[in-house]
Every structure is written in C-alpha cells, then in structure tokens.
Amino acid sequence: MNFKQLNIFDKLLFKDTMLQFPFNSSAMDFEDQIRPYVTPPVQLYHEYMLPNKKTPQEYEYLVQKLVYLLLIFDPQELTDTTNFYVKISEDVLTDAVKMGASDERLAQITNHYVREIEKVEKILAPLDAAARQDLVDQIESRLPDARAMAVDQVKQLKRLNPQLERVRVDMTRDLSIADFLQGVNYGFAPEEIDYFLNTKMEDRNREIDESYRKLAELGLEPTYIVRPDRAQKIVDAVTRARQKQLIAHNRNSNGL
C-alpha cells in the first residue's frame, strides 16, 4: 500500500473496530462490581503475557486489525458504499419491525446508516473508482498473511500462557481464532473463552439465562459470557455475604 492507501485503510479500521470496541476489560469491570460484597470466588480477569511484551492496549490494535481483515472487511463497502449500507439497514429495519419497534426507533436506525455512508464516503473521498478498486485489491492481497499471523498469534499466546492450552480453538475457522484473540486481549478467563468458543449460541443463551437472572436480582450485571457454573459460585458467595451483613445489621439494631 502507498501512503494514501495506508492512511485510508487505518481510518476504515478505526471506524469499524476501534471506535466500536475500544479497549476495556468487562471481566475486570465485573470483578469491581463483586468486590464491595465479597472477594470474587472465581478468577474472572487474567493478565496474560502478550507477544513482544505489548500492553493490552497496544495489542488491541493488532487484534482488531486482524478481526477487520478476517471478518469485517467487505469489498462492497469500498466500491458500492450506498448499496452496501442500504442492504444492511433494510435487514435491520425488517427485524426491528418484527420486534415492534416504534417509528422513532426506525428513524434512528435509518439515520445511523445514512451517517455511516457519509463517514465512509468522507474517508474514501481522495480516491476515484479505480483507486478504490486498487485499495480493495491491496487489502485482499493481505488476507493470507493476516490468517497466517492470526494463527501464529494463537500459538504464541498459548506458549506464553500455559493456562490457555486447554482452550479449544478451531484453527480452520476465522471466527474461532478471532474470538480467542479478543478474549485473551480482554483478559477473559480460559474457562469463559473455551465455553464461548465451543458452545452453540442457542445453548449458551439457554444455559446462562437462570444464573444471569439471579445475578441481576443481586444487582450484578456481567457484560460478557460467564460460564454458568462459575456464575453460580458468584451468586452463592454474594448471597452468603449479604446474609451475613443482614444478620450483623439486625444484631446491631437490636443492641446485641
């Protein structure tokens, strides 16, 4: 890529990944929710060793770049922006109508994709149609190297962190590889990463529903997938801690 192409690629990458998924560990956030009641009974956040001694924030750029290349990049976004986003918005609007969305919500969805078209067109403004196609060709030429790099990152992470060896990653699926890299980058526990990668979505949703309901009743809300048996340990620990606090409060109130 020449300098202009690289600059545009970086802007597209930033728009589609870094703006939507800035570095933050929801595992660390959830531990912070639990600590006022009790020391977390299971380790949720893991500070893994990262290749080349990168910080999580530094590693985030590499991971999201690979995610963009392997999963998000679509040539049509660059060569036929309007139709690309119109098709997405139509699908989203159809689902929203089925779910009974209000006219205000439907207008918000439409406006969101209009703004997305404007953002991409602004980024691509320096390129004519031929130059856009050349950029697509340049990006697509990097896909094999991106897959090889992603596989190598999985191997390096497992070598640096033996606890990750038990996490099953399907090296033939870009999504499995990308989800593993993101899970490690955000410090998720090996148990959560393996559960997420190797449990069907419908099964996950069914299995975590009850424990998440119990967590919500305690005022706790994880924003990522916590394996049900581990979530239940948290429910039990916080419940016991609250019961002890209640007993102590009652004793003090009664002057005992």
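# A guided tour from Ser26 outward

Select Ser26 first: setting aside neighbours within four places in sequence, Ser26 is in contact with Phe188, Thr223 and Tyr224. Bear in mind throughout that this is a predicted model. Ser26 belongs to helix α2, which covers residues 26-34, and with a relative accessibility of 11% Ser26 counts as buried, because that value is under 20%.

**The aromatic pairs**

Next, display the aromatic rings, for which the count comes to six aromatic pairs. Begin with Phe9 and Tyr68, whose ring centres are 5.8 Å apart and whose planes stand at 75°, so that the pair is edge-to-face. This pair links distant parts of the chain, since Phe9 sits in helix α1 (residues 3-18) and Tyr68 in helix α3 (residues 56-72), 59 residues apart. Both Phe9 and Tyr68 are buried.

Now return to two of the residues that Ser26 contacts, Phe188 and Tyr224. Phe188 and Tyr224 form a stacked aromatic pair, at 4.8 Å centre to centre and with 15° between the planes. Phe188 is in the loop between α9 (174-185) and α10 (190-198), while Tyr224 is in the loop between α11 (201-217) and α12 (228-253), so the pair ties together parts that are 36 residues apart in sequence. Phe188 is buried, at a relative accessible area of 15%, and Tyr224 also counts as buried, at 8% relative accessibility.

To finish with the ring pairs, add Phe73 to the selection of Phe9 and Tyr68, for ring pairs link Phe9, Tyr68 and Phe73 into a cluster.

**Charges over rings**

Move on to Phe180 and show Lys158 with it: the charged end of Lys158 sits over the ring of Phe180, 5.9 Å from the ring centre. Then select Phe196, where Arg204 lies over the face of the ring, at 4.2 Å from its centre.

**The nonpolar core**

Keep Phe180 selected and bring in Phe30, Leu181, Ile193 and Ile234, because of the 66 residues in the largest nonpolar core these five touch the most other members. The element that gives the most to this core is α3, with eight residues. Centre the view on Phe30 and, leaving out residues up to four places away in sequence, look for what Phe30 touches: Leu44, Leu215, Leu220, Glu221, Pro222, Tyr224, Val226 and Ile234. Tyr224 thus appears in the list for Phe30 as it did among the contacts of Ser26.

**Salt bridges**

Turn next to the charged side chains, where a search of the whole structure finds 17 salt bridges. One of them joins the side chains of Arg35 and Asp32, at 3.3 Å from N to O. Arg35 counts as partly exposed, at 46% relative accessibility, and Asp32 counts as partly exposed as well, at 43%.

Follow this with Asp91 and Lys87, whose side chains meet in a salt bridge at 2.9 Å, N to O. Both residues lie in helix α5 (residues 81-98), four residues apart, which is about one turn of the helix. At 39% relative accessibility Asp91 counts as partly exposed, and so does Lys87, at 45%.

Which residue forms a salt bridge with Glu191? Select Arg166, for the closest N and O atoms of the two are 3.3 Å apart. Glu191 is in helix α10 and Arg166 is in the loop between α8 (143-160) and α9, so this pair ties together parts that are 25 residues apart in sequence. As a last selection among the charged residues, show Lys15, Glu77, Glu116 and Lys119 together, since they are linked in a network of salt bridges.

**Loops to inspect last**

Go to Ala101, found in the loop between α5 and α6 (103-124). Ala101 is partly exposed, with a relative accessible area of 25%, and, leaving aside neighbours within four places in sequence, Ala101 is in contact with Ala96 and Leu106.

The tour ends with the backbone of the loop between α2 and α3, which holds Asn52 and Lys53. Most residues other than glycine have a negative phi. Asn52, although not a glycine, has a positive phi of about 60°, and Lys53, also not a glycine, has a positive phi of about 55°. Is Asn52 buried or exposed? Asn52 is exposed, with a relative accessible area of 69%, and Lys53 likewise counts as exposed, at 81% relative accessibility.

Conventions: Residues numbered from 1 in each chain as written. Predicted model: local features only at pLDDT ≥ 70, side-chain atom pairs only at ≥ 80, totals over all residues. Heavy atoms only, no water. Helix = DSSP H or I, 4+ residues; strand = E, 2+ residues; numbered from the N terminus. Buried < 20%, exposed > 50% of the residue type's maximum accessible area, 1.4 Å probe, protein only. Contact = heavy atoms within 4.5 Å. Phe/Tyr/Trp six-rings, centres within 6.5 Å; stacked < 30°, edge-to-face > 60°. Lys NZ or Arg CZ within 6 Å of the ring centre and 35° of its normal. Salt bridge = Lys/Arg side-chain N within 4 Å of Asp/Glu carboxyl O. Core = buried A, V, L, I, M, F, W, Y, C linked by side-chain atoms within 4.5 Å.
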